[in-house]
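Work through these exercises with the sequence and the 3D view side by side. Try each task before you read its solution.

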Amino acid sequence: MTVNPTTAGASEPQFPLPSILTNPASAPPLLIAQGAEGRLYKTTYLVPELACAVKYRPPKPYRHPLLDARLTKARLSSEAKVLDRCARDGVPVPALYAIDAAAGWMALEWIEGAPVRQGINEWLGARPETDTTPDEQVDQTPLVDLMRRIGTVMGALHRTGVVHGDLTTSNMMLRPWKDGHTGGGNGTVLDGDVVLIDFGLATQSQSDEDRAVDLYVLERAFASTHPRAEAHFEYVLEAYGKTFKKAPSVLVKLADVRMRGRKRSMLG
């Protein structure tokens, strides 16, 4: 989904809200993000102290109602199964609180913190404009630590038989460390546990090709969004290899995927 803070919560919905967002016990819903397929709201679940995210796929007027209802139900049900599988296997993802696939919504744990994309951009932009020190001479330890944490989470995800399908640094959150944790980040904006979010395009797959494409999409996301951090992507793959025993065959396939990507770029 695309975050749109300028309009979030500023306008009335053009379609009826799902019942969970109209429950008197819930906090007034705040529109956080919206995309072509759905909207993401922040509200509360069961008690005022428990923040949650509600992902809602409203009816699509351009589709036949029966087809639209079947697609919505199938996609939400598939996403819920993926999240459940990840949670059972210890992959850091939002907990699933409730779902009504027929009505087009699911309620998820609200992940506190900032997107990885924001953290990296803030860290890269923290140096003053007058600092002309080459990047390679600046202490890269916090960024390397983060890249390794990303690789570890990716290995755990693929080990459980799930491919994300839309891996970008916008679909990863940096959740604040738990009390007493002294992990990587060294007291910077790169601190926190990496949590994967937005599994709308995820599938359950054991294919090396699918896993390699997952890694390639993330690698290209770094190239386009964080070009100054792209050189450190090797640490993602290093940690991935240490976490996932089938990584060697996936990395061989990744080389093939890269080659095909270069050929497509050359041919336009």
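A residue counts as buried under 20% relative accessible area, as exposed over 50%, and as partly exposed in between. Keep in mind that this is a predicted model.

**Exercise 1. Sort arginine 57, arginine 63 and glutamate 37 by their accessibility.**

Step 1. Take arginine 57. Its relative accessible area is 9%, so it is buried.
Step 2. Take arginine 63. The value here is 16%, so this residue is buried too.
Step 3. Take glutamate 37. Its 27% makes it partly exposed.

**Exercise 2. Find the salt bridges that glutamate 37 makes with arginine 57 and arginine 63, and say which parts of the chain they link.**

Step 1. Look at arginine 57 and glutamate 37. Their closest N and O atoms are 3.3 Å apart, and the two form a salt bridge.
Step 2. Place the two residues. Arginine 57 is in the loop between strand E4 (47-56) and helix H2 (65-88), and glutamate 37 is in the loop between E2 and E3. They are 20 residues apart.
Step 3. Turn to arginine 63. Its side chain meets that of glutamate 37 in a salt bridge, at 3.4 Å from N to O.
Step 4. Place this pair. Arginine 63 lies in the loop between E4 and H2, and glutamate 37 in the loop between E2 and E3, so the salt bridge ties together parts that are 26 residues apart in sequence.
Step 5. Widen the view. Salt bridges with shared partners join Glu37, Arg57, Arg63, Asp68 and Arg75 into one network. The structure holds 14 salt bridges.

**Exercise 3. Describe how strand E2 is joined to E3.**

Step 1. Find strand E2, residues 30-34. Then find strand E3, residues 39-45.
Step 2. Check the direction. The two strands run antiparallel, and four bridges join them.
Step 3. Pick out one facing pair. Leucine 31 stands opposite tyrosine 41 in E3.
Step 4. Follow the turn. A hairpin of four residues leads from E2 to E3.

**Exercise 4. Is threonine 43 buried or exposed, and which residues does it touch?**

Step 1. Locate threonine 43. It sits in strand E3.
Step 2. Read its accessibility. The value is 3%, so threonine 43 counts as buried.
Step 3. List its contacts, leaving out residues up to four places away in sequence. Among them are Leu21, Pro29, Leu50 and Val54.
Step 4. Look for a polar partner. The threonine 43 side chain reaches the backbone oxygen of alanine 27 at 2.8 Å.

Terms used:
Residues numbered from 1 in each chain as written. Predicted model: local features only at pLDDT ≥ 70, side-chain atom pairs only at ≥ 80, totals over all residues. Heavy atoms only, no water. Buried < 20%, exposed > 50% of the residue type's maximum accessible area, 1.4 Å probe, protein only. Polar contact = N/O pair within 3.5 Å; in protein donor to acceptor, adjacent residues only side chain to side chain. Contact = heavy atoms within 4.5 Å. Pairing = 2+ DSSP bridges. Salt bridge = Lys/Arg side-chain N within 4 Å of Asp/Glu carboxyl O.
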